[in-house]
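User: Hi! I am new to reading protein structures and would like to go through one step by step. Could you show me how to read its features?

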Amino acid sequence: MKHFLSKPLLRGITLLGLLLILAGCSLQTSPVADPKGPIAILERDLLYTAFFIMLIVVIPVYFMVFWFIWRYRAKGGTGEYKPDWHKSAVIEVFVWSIPAAIIITLGYLVWTYSYKLDPYKKIATPENTINVQVVAQDWKWLFIYPDLGIASVNELAFPVDKAVSLQLTSDTVMNSFLVPALGGQIYAMAGMTSQLNLKANETGRFRGRNTQYSGDGFAMQFFDAVAMTPEEFNDWVASAKLQRKPLSTVRYNELALPSIAHGIEYFSWVKPGLFEEILKKYARRPENTLRRHSPVQGQTTCEGATPC
């Protein structure tokens, strides 16, 4: 039974399996490897740079493994037994200098790209930037355009010639906002705000999603980031305003209820200050209040000596 599959046949099956895996991977280009914006391009270049730096170690290691196996094999090996190899100055130079050079190079990359890829850093002038307030919900994304007075659900639209400045929060558990074709991820947390600045170099519809597990509807929490021409974006804004569907506090509370695979939705009017209202309702919660012990026995006070 053990001779049923010969060694050449096993090698052929293994090679065929690897080819099938590679063929399947090539059917669809990863958005990380095919970025559509300046931020994503910088992140891709950094990824490739780190990869090639690692190859400086990986390739010699694999080469030496196979070379040692061949040279010091039990039968026919030509390698000599030299127990004093640890005293070699050449080996010491390679052992210490190469890792030191790699650490210095990685440190330089971390230092420079930490500033280049700062998510809070503006990438365009205010007149060339679209401001969007993002609210993560169960299990959908709400995009508010405060300067335009409109909002959309699960569709982030913007003109291709302008940057997008996102201010993010969550009205539920922590979420992670990611559009792989345009840039890296950032967290959205209840009662807090984070920022992310993106831009597209070409028109198109790019898939975004939540990458932080958040419950039953997590697997379907996708949205579309749509880069349009200026004319198409103007038409999109006009179309949203024609919906005659206002986003009041009451309508927002209905929208915030959990829903899975929520469709794209538009709102022609948004209550001013709605984003700030969402933040404030978490700031008033006892667990988010700094507590200290009151000099009055048996009483706990919050900041400002107000009884909780």
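Analyst: Happy to! Let's start with an idea we need for charged surface patches: Lys and Arg count as positive, while Asp and Glu count as negative. A patch takes in residues with over 30% relative accessible area and no salt bridge, and like charges are joined within 9 Å. Keep in mind that this model is predicted.

User: Which residues form a negative surface patch here?

Analyst: The patch consists of D161, E231, E232 and D235. Take E231 as an example: this residue sits in helix α4, which covers residues 230–241. With a relative accessible area of 53%, E231 is exposed.

User: Before we go on, how many helices and strands does the chain have?

Analyst: There are six helices and 16 strands. The chain has 308 residues, and 31% of them are buried. About 19600 Å² of the chain is exposed, with carbon and sulfur atoms supplying 65% of that area.

User: How do I decide whether a residue is buried or exposed?

Analyst: Look at its relative accessible area: under 20% is buried, over 50% is exposed, and anything in between is partly exposed. Try this on P35, which has 11% relative accessibility and therefore counts as buried. P35 is found in the loop between α1 (7–25) and α2 (38–71).

User: What does P35 touch, leaving aside its neighbours within four places in sequence?

Analyst: P35 is in contact with A40, I41, R44 and A181. There is also a nice lesson here about sequence and space: P35 and G183 are 148 residues apart in sequence, yet their C-alpha atoms are 8.2 Å apart. For the chain as a whole, consider contacts between residues at least 6 apart in sequence: 63% of these join residues at least 24 apart.

User: Could we look at a residue in a strand too?

Analyst: Sure, let's use S176, which belongs to strand β6 (residues 175–179). S176 has a relative accessible area of 1%, so this residue is buried. Not counting residues up to four places away in sequence, S176 touches W141, Q185, I186, Y187, R209, N210, T211 and Q212. One of these partners, I186, is ten residues away along the chain, and its C-alpha atom is 5.6 Å from that of S176.

User: Now for salt bridges. What should I look for?

Analyst: Look for a side-chain nitrogen of Lys or Arg within 4 Å of a carboxyl oxygen of Asp or Glu. Searching the whole structure gives eleven salt bridges. K36 is a good place to begin, as its side chain meets that of D34 with an N to O distance of 3.2 Å. K36 is buried at 17% relative accessible area, whereas D34 is partly exposed at 34%.

User: Which other salt bridge involves K36, and what does the pair tie together?

Analyst: K36 also pairs with E202, at 3.6 Å from N to O. K36 is in the loop between α1 and α2, and E202 is in the loop between β8 (194–198) and β9 (204–210), so this pair ties together parts that are 166 residues apart in sequence. E202 is partly exposed, at 39% relative accessibility.

User: What about a salt bridge inside one helix?

Analyst: R251 and E254 form one, with their closest N and O atoms 3.8 Å apart. Both residues lie in helix α5 (residues 249–255), three residues apart, or about one turn of the helix. E254 is partly exposed, with a relative accessible area of 47%. Salt bridges can also link up into a network, as E155, R205, R207 and D224 do here.

User: Last topic: the backbone. Which residues have a positive phi although they are not glycine?

Analyst: N154 is one of them, with a phi of about 65°, and R244 is another, with phi near 55°. N154 is in the loop between β3 (150–153) and β4 (155–159), and R244 is in the loop between α4 and β11 (246–247). Compare their surroundings: N154 is buried at 6% relative accessible area, while R244 is exposed at 74%.

User: And where is there a cis peptide bond?

Analyst: A cis peptide bond joins D138 and W139, with omega about -10°. W139 is in the loop between β1 (129–137) and β2 (140–145).

Technical notes:
Residues numbered from 1 in each chain as written. Predicted model: local features only at pLDDT ≥ 70, side-chain atom pairs only at ≥ 80, totals over all residues. Heavy atoms only, no water. Helix = DSSP H or I, 4+ residues; strand = E, 2+ residues; numbered from the N terminus. Buried < 20%, exposed > 50% of the residue type's maximum accessible area, 1.4 Å probe, protein only. Contact = heavy atoms within 4.5 Å. Areas by Shrake-Rupley, 256 points an atom, 1.4 Å probe, with all protein chains shown as cover. Patch = residues over 30% accessible without salt bridge, like charges linked within 9 Å, V, L, I, M, F, W, Y side chains within 5 Å. Charge placed at Lys NZ, Arg CZ, Asp CG, Glu CD.
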